[in-house]
Amino acid sequence: MNGLPILDISGLCKSYGAVRAVDWVDLHVDRGEICGLIGPNGSGKSTFFDCVTGLARPSAGAVKLDGQDITGWSLNDIAREGRMLRSFQKTVVFSALDIEENLVIAGQMFTFPGIWSTFGIGAAARNRVAALRERARELIRIAGLWDVRFQPAGKLSGGQQKLIQFASMLMPEPKLILLDEPMAGINPKLIERVVESIRLANTSFGVSFLIIEHNIDVVTSLCKRVVVLDQGRKLAEGTPDEIVRNQAVREAYLGG
Ligand code: ADP
Ligand code: MG
């Protein structure tokens, strides 16, 4: 079991009318890996994520998570399970709540579904919340947000809110996280912080990642393997070094 990739996708296709947004893509993420996914705008990266995470139904292909076939599962079913989570470009936080409260709620949504998450009663519920608080504090440290932890999330910068969202995603102890352009719109000073948080989540918690990112320095620093999409197809795959030297990739994506 442990030799299996955490995510294994074969022959994935998605058409929108005449547009073949994703055209027969095979891609896997190994357990413990941080894998990069790059390509020009419109090359099908986000659609690929949509099909893998149940937001869109693939026209063909198979998606296996941790050895289990999840092809055609809904976004809710996949997210509720908490094994694989996905970020969107828009950042959402509970503005009026401080960081720890944001994280505890995120943890409750997954590990304690249903009415008891809101009206938890008895010693078991109290222990659960105590454990969530402890994990929240650890993640707040990892995200470098310790000094601002008592401030309402809405008062923090866009980059800091992204870090809160990232830390929230780690609360349910996912095995795999898919990030869609995590550095977009982040102030350069915070980019290193987000990179470091991803790295720590990977090394400390063993979370695997598939990351769509245009910032090639970020991709090079985080990923050992990069997959390049172009017009819905896999154009190349290799180490960041191999990718930036690949002539076809340079022509399609890196500007010659
Ligand atoms: P990327 O994330 O690489 O920029 P997208 O996956 O967003 O690319 O888009 C790939 C192609 O699929 C584009 O041609 C886009 O217009 C098309 N597409 C994506 N989503 C939809 C949709 N919901 N309806 C119709 N066409 C779509
Ligand atoms: Mg996109």
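**Exercise 1. The nonpolar core**

Task: In this predicted model, find which residues of the largest nonpolar core touch the most other members, and work out where this core lies with respect to the two domains.

Solution. Begin with the membership: the largest nonpolar core holds 69 residues, and those that touch the most other members are L139, A167, F209, I211 and V228. Next, ask which element contributes most; helix α5, residues 158-170, gives the largest share of this core, namely six residues. Finally, consider the domains: because domain 1 (1-83 + 176-256) and domain 2 (92-173) both give residues to this core, it lies between them.

To see the surroundings of one of these residues, take V228, and set aside its neighbours within four places in sequence: V228 is then in contact with I38, G39, L235, A236, E237, I243, V249 and Y253.

**Exercise 2. The contact between the domains**

Task: Describe how far apart the centres of domain 1 and domain 2 lie, and state which residues of domain 1 form the side that touches domain 2, by element and by character.

Solution. The division of the protein is into domain 1, made up of 1-83 + 176-256, and domain 2, which covers 92-173. Between their C-alpha centres there is a distance of 26 Å. Domain 1 supplies 15 residues to the contact, while domain 2 supplies 13 residues. On the side of domain 1 that touches domain 2, helix α6 (residues 188-205) provides the largest share, with seven residues. Sorted by character, the residues on that side of domain 1 are nine nonpolar, four polar and two charged.

**Exercise 3. The shell around ligand 1**

Task: List the residues that surround ligand 1, and determine which element gives the most to this shell.

Solution. The residues around ligand 1 are Y16, V19, A21, G39, N41, G42, S43, G44, K45, S46 and T47. Two elements, β2 (19-29) and α1 (45-52), each give two or more residues to the shell, and α1 gives the most, with three residues. By character, the shell around ligand 1 divides into seven polar residues, three nonpolar and one charged.

**Exercise 4. The four-stranded sheet**

Task: Reconstruct the order of the strands in the open sheet that contains β1, and identify which strands stand at its edges.

Solution. Start from the pairing of β1 (residues 7-16) with β2, which is antiparallel and runs over eight bridges; within it, Y16 has V19 of β2 as its bridge partner. These two strands form a hairpin with two residues between them, and G17 in the turn has a positive phi of about 60°. Then turn to strand β4 (residues 60-65), which is joined to β1 by five bridges and runs antiparallel to β1; here S10 is the bridge partner of A62, and I9 that of V63. The resulting open sheet has four strands in the order β2-β1-β4-β5, with antiparallel pairing. Since β2 and β5 (68-69) each have a single partner strand, they stand at the edges, and therefore one side of each is left without a neighbour in the sheet.

**Exercise 5. The setting of S208**

Task: Decide whether S208 counts as buried or exposed, and find which residues S208 is in contact with beyond its neighbours within four places in sequence.

Solution. S208 belongs to strand β8, residues 208-212. The number of C-beta neighbours of S208 inside 10 Å is 23, so S208 counts as buried, the cut-off being 20 or more. Apart from neighbours within four places in sequence, S208 is in contact with I6, V29, R31, G32, E33, K175 and L176. For the last of these, L176, the C-alpha atom is separated from that of S208 by 4.7 Å, although the two residues are 32 residues apart along the chain.

Technical notes. Residues numbered from 1 in each chain as written. Chains lettered and ligands numbered in written order. Predicted model: local features only at pLDDT ≥ 70, side-chain atom pairs only at ≥ 80, totals over all residues. Core = buried A, V, L, I, M, F, W, Y, C linked by C-beta atoms within 7 Å. Buried ≥ 20, exposed ≤ 12 C-beta atoms within 10 Å, placed from the backbone. Domains from an automatic or database assignment. Contact = placed C-beta atoms within 7 Å. Nonpolar A, V, L, I, M, F, W, Y, C, P; charged D, E, K, R; others polar. Near = placed C-beta within 6 Å. Pairing = 2+ DSSP bridges.
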